[in-house]
Amino acid sequence: MNVSSVIDIFEKHVPKHLAEKWDNTGLLIEPDKQLLVTTIFFTNDLTEDVLDEALSVKANLIISYHPPLFKPMKAFLSRNWKDRIAMQCIANNVAVYSPHTACDAVKGGVNDWLLSCFDLQESRPVLPSREFLHCVMECLVTSEEQLMQALSSHVDLKIILKRPFDNKMSLKILFPKQSKDEILPMLAKDPDIEVLLIQDCTPLSDAQTGMGRIGKLQTPLKLEECIKVVKKHVGLEHLRVTLGLNKRLDNEVSTVAVCAGSGSMVLQNVSADLYITGEMSHHDLLDVRHAGRSVILCEHSNSERGYLEHLKNQLLLDLPKINLVVSKVDKDPVTIM
């Protein structure tokens, strides 16, 4: 199966349009558009030792939860480790795709996984996604800039997939459904833009789409029990814990709010007995503590990494002829001794 077909299947499970606008998600490295994928390799962070592991299992598509390329690059230099990774991927004909915050927002994604260690009555996103009806349009153009110029009066557009197609560029674009009657006549006037497909989307969000999760426990647990449950779930012997002001380990927890990765912005002022995240700043922890809430810190990528096995299992039925491998080398850079 070629890379584009694999990505189409992947994005049915984790739609790219759910990613935050500031994020750099999607296909980041595509050495050869004719590349046939035989092994997909999953990692939280694409480091040099992880890339060596991926090459050792003959991976030709790497799904890196965190985007290894984020800031614009003006040169590729061998003295920079991220540059070396990009150059090695190209040299070995390995494609790289990053879903990142799309996994954070999607139903059944990393935050649902992080909260799944508890027996819950109910759960919901902390920050629900915007609920707009949108359309997806696929078209052929000679350049991305050409299409953007034709649609320059419409700012609420988002390219969700682009790939070479003969002498043109195939683009999939997400735009508000209410703009449909304006956009199509504009494109019809341009003979160099060919609309292949236009279809209505389901709403960008349902009740379970958005950043973070907050859940109500079926039965309240003591905080010390919650810590044990989280340790087992993320596979760690040690966690950092901040007790809320005047709280003890034998206090009961009824509501838990989670945010994989860095949780300060998402969990700010959320009404819950316990926060679980990867990291928070010193001053944010002081604020949370004085609000009477306790916090479990797993370190940034430890709060995300276990989700990769879950993601792999979600894809197994749709990709039965492709080998799916989760990194064993990938680990958080912080170790609590």
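**Exercise 1. The nonpolar cores**

In this predicted model, find which residues have the most contacts inside the largest nonpolar core, and which strand gives the most to this core.

*Solution.*
Step 1. The largest nonpolar core holds 65 residues. Ile40, Phe42, Val256 and Ile276 have the most contacts inside it.
Step 2. Strand E14, residues 252–262, gives the most to this core: 6 residues.
Step 3. A second core is separate and has 16 residues, including Ala59, Val94, Val96 and Val325.
Step 4. Now list the neighbours of Ile40. Leaving out residues up to four places away in sequence, Ile40 touches Val6, Leu61, Ile63, Leu319, Ile322, Asn323, Leu324 and Val325.

**Exercise 2. The buried face of H2**

Determine how the buried residues of helix H2 are arranged around its axis, and what covers them.

*Solution.*
Step 1. H2 spans residues 48–56, and its buried residues are Val50, Leu51, Glu53 and Ala54.
Step 2. Look down the axis of H2. The buried residues fall within an arc of 155 degrees, so they line one face of the helix.
Step 3. Their cover includes strand E2 (39–43), E3 and H3.
Step 4. Check what follows the helix. Lys58 comes after H2 and has a positive phi, near 60 degrees.

**Exercise 3. A nonpolar surface patch**

Locate Phe76, classify its exposure and name the patch it belongs to.

*Solution.*
Step 1. Phe76 sits in the loop between strand E3 (61–64) and helix H3 (81–91).
Step 2. Its relative accessibility is 45%. Partly exposed lies between under 20% and over 50%. Phe76 therefore counts as partly exposed.
Step 3. Phe76 forms a nonpolar surface patch with Met73 and Met87. Together they have about 250 Å² of accessible area.

Conventions: Residues are numbered from 1 along each chain as its sequence is written. This is a predicted model: local features need pLDDT of at least 70, side-chain atom pairs count only at pLDDT 80 or more; totals for chains, interfaces and linings use all residues. Side-chain values use heavy atoms; hydrogens and water are left out. Patches are made of residues with over 30% relative accessible area and no salt bridge: like charges are joined within 9 Å, nonpolar side chains (Val, Leu, Ile, Met, Phe, Trp, Tyr) within 5 Å. Accessible areas come from the Shrake-Rupley method with a 1.4 Å probe; for residues, only the protein chains shown count as cover. A salt bridge is a side-chain nitrogen of Lys or Arg within 4 Å of a carboxyl oxygen of Asp or Glu. Helices (H or I, at least four residues) and strands (E, at least two) are DSSP runs, numbered from the N terminus. Buried means under 20% relative accessible area, exposed over 50%, partly exposed in between (1.4 Å probe, protein chains only). A nonpolar core is a set of buried Ala, Val, Leu, Ile, Met, Phe, Trp, Tyr and Cys residues joined through side-chain atoms within 4.5 Å. Contact means heavy atoms within 4.5 Å. The arc is that of the directions from the helix axis to the C-beta atoms.
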